[in-house]
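Student: I have not seen this structure before. Could we go through it by question and answer?

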Amino acid sequence: MGQIPFKNLCLLVLVCCAKGNSQQALVDLASLPSNFTYEIRYATSDNFMGTVLYPCAKCLLRAEVAEALLEANQYFCEKGYQIKIYDCYRPLDIQKAMWSKVPNAAYVANPYDKGSVHNRGAAVDITLVTLEGCEVAMGTDYDYFGKEAHIDNLQLPETILSNRNLLLEGMKQFGFQPIRTEWWHFSFIRNYQFPILNEPLPCD
Ligand SMILES: [Zn+2]
């Protein structure tokens with residue numbers, strides 16, 4: 001048997017030691033050996049709800065999704081960029097609160113239908129920053145609900161289109177798929193194998 005790579009070993013240990021049944025499959029991205037930038041907007045009031053939704057700023061993901069995101073971050077790092085995280089796992093109750101404010105499936109997944117891939121711990125909302133921490137222009141702010149945020153809107157400056165394309169093409173290589181209306185959202189391609197969760201974020 002070959003040696004288990006250090007990165008995979010870390011993931012195994014975290015999965016084994018996490019508390020709670022459904023959290024066994026969720027990994028705290030900050031515990032893994034990779035550098036991400038975090039701006040978890042739902043842990044602040046700077047979001048479309050205008051209120052704090054998460055009791056702490058954490059990015060939890062399924063182990064397989066976290067590993068793919070690490071690989072994507074390494075890919076971007078070699079190009080001079082780093083992934084900045086806006087959102088990861090989102091408890092179903094939070095999805096219900098969002099739906100009550102924006103009951104529009106183009107922007108908020110219906111929690112009473114299939115729910116969001118975020119509820120499965122298999123989607124990320126992200127952007128890119130430079131390795132020095134500078135913002136990379138993507139044309140709109142996170143959670144801008146409108147045409148300017150759509151990935152099939154080509155009526156944007158060349159720099160914006162180029163930056164969005166860099167993000168999209170990079171993420172696709174590691175098993176992530178976009179949605180049409182949000183340049184920042186990526187669902188892991190095998191997300192359907194993970195059930196919806198409503199465990200609160202483990203803040204202590
Ligand atoms: Zn999203």
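Student: Where is Thr140 found?
Tutor: This is a predicted model, in which local features need pLDDT of at least 70, side-chain atom pairs count only at pLDDT 80 or more, and totals for chains, interfaces and linings use all residues. Residues are numbered from 1 along each chain as its sequence is written. Helices (H or I, at least four residues) and strands (E, at least two) are DSSP runs, numbered from the N terminus. Thr140 is located in the loop between strand S5 (123-130) and helix H4 (158-173).

Student: Does Thr140 count as buried, exposed or partly exposed, and why?
Tutor: A residue is buried if 20 or more other C-beta atoms lie within 10 Å of its own, exposed if 12 or fewer, and partly exposed in between, with C-beta atoms placed from the backbone. Thr140 has 19 C-beta neighbours inside 10 Å, so it counts as partly exposed.

Student: Which residues does Thr140 touch, not counting residues up to four places away in sequence?
Tutor: Two residues are in contact if their C-beta atoms, placed from the backbone, lie within 7 Å. With residues up to four places away in sequence left out, Thr140 touches Glu148 and Ala149.

Student: How is the open sheet ordered?
Tutor: Two strands pair if DSSP finds at least two bridges between them. S2 (residues 37-38) and S4 (residues 81-87) pair in the parallel sense over two bridges, while S4 and S5 pair in the antiparallel sense over six bridges. The pairing in the sheet is mixed, and its five strands follow the order S2-S4-S5-S7-S6.

Student: Which strands are the edge strands?
Tutor: An edge strand here pairs on one side only. That description fits S2 and strand S6 (176-179).

Student: What is the bridge partner of Ile85 in S5?
Tutor: Ile85 belongs to S4, where it stands opposite Tyr38. In S5, the partner of Ile85 is Ile126.

Student: What angle does the direction of H2 make with that of S4?
Tutor: Axes are lines fitted to C-alpha atoms, for helices over the stretch in contact, and angles run from 0 to 180 degrees between N-to-C directions. H2 packs on the sheet and touches S4, S5, S6 and strand S7 (182-188). Its direction and that of S4 make an angle of about 140 degrees.

Student: How far apart are the end C-alpha atoms of helix H2?
Tutor: The expected span of a helix is 1.5 Å times one less than its number of residues. H2 (residues 63-77) has 15 residues, so it should span 21 Å. The model agrees, with the end C-alpha atoms at a separation of 21 Å.

Student: Which element supplies the largest share of the largest nonpolar core?
Tutor: A nonpolar core is a set of buried Ala, Val, Leu, Ile, Met, Phe, Trp, Tyr and Cys residues joined through C-beta atoms within 7 Å. The largest has 37 residues, and Ala66 and Leu69 are among those with the most contacts inside it. The largest share, eight residues, comes from H2.

Student: What is the mean pLDDT of the protein chain, and over which residues is the pLDDT below 50?
Tutor: pLDDT is the predictor's confidence in each residue, from 0 to 100. The chain has a mean of 90, and 88% of its residues reach 70 or more. Where pLDDT is low, the predicted coordinates should not be read in detail. The pLDDT is below 50 over residues 1-23.
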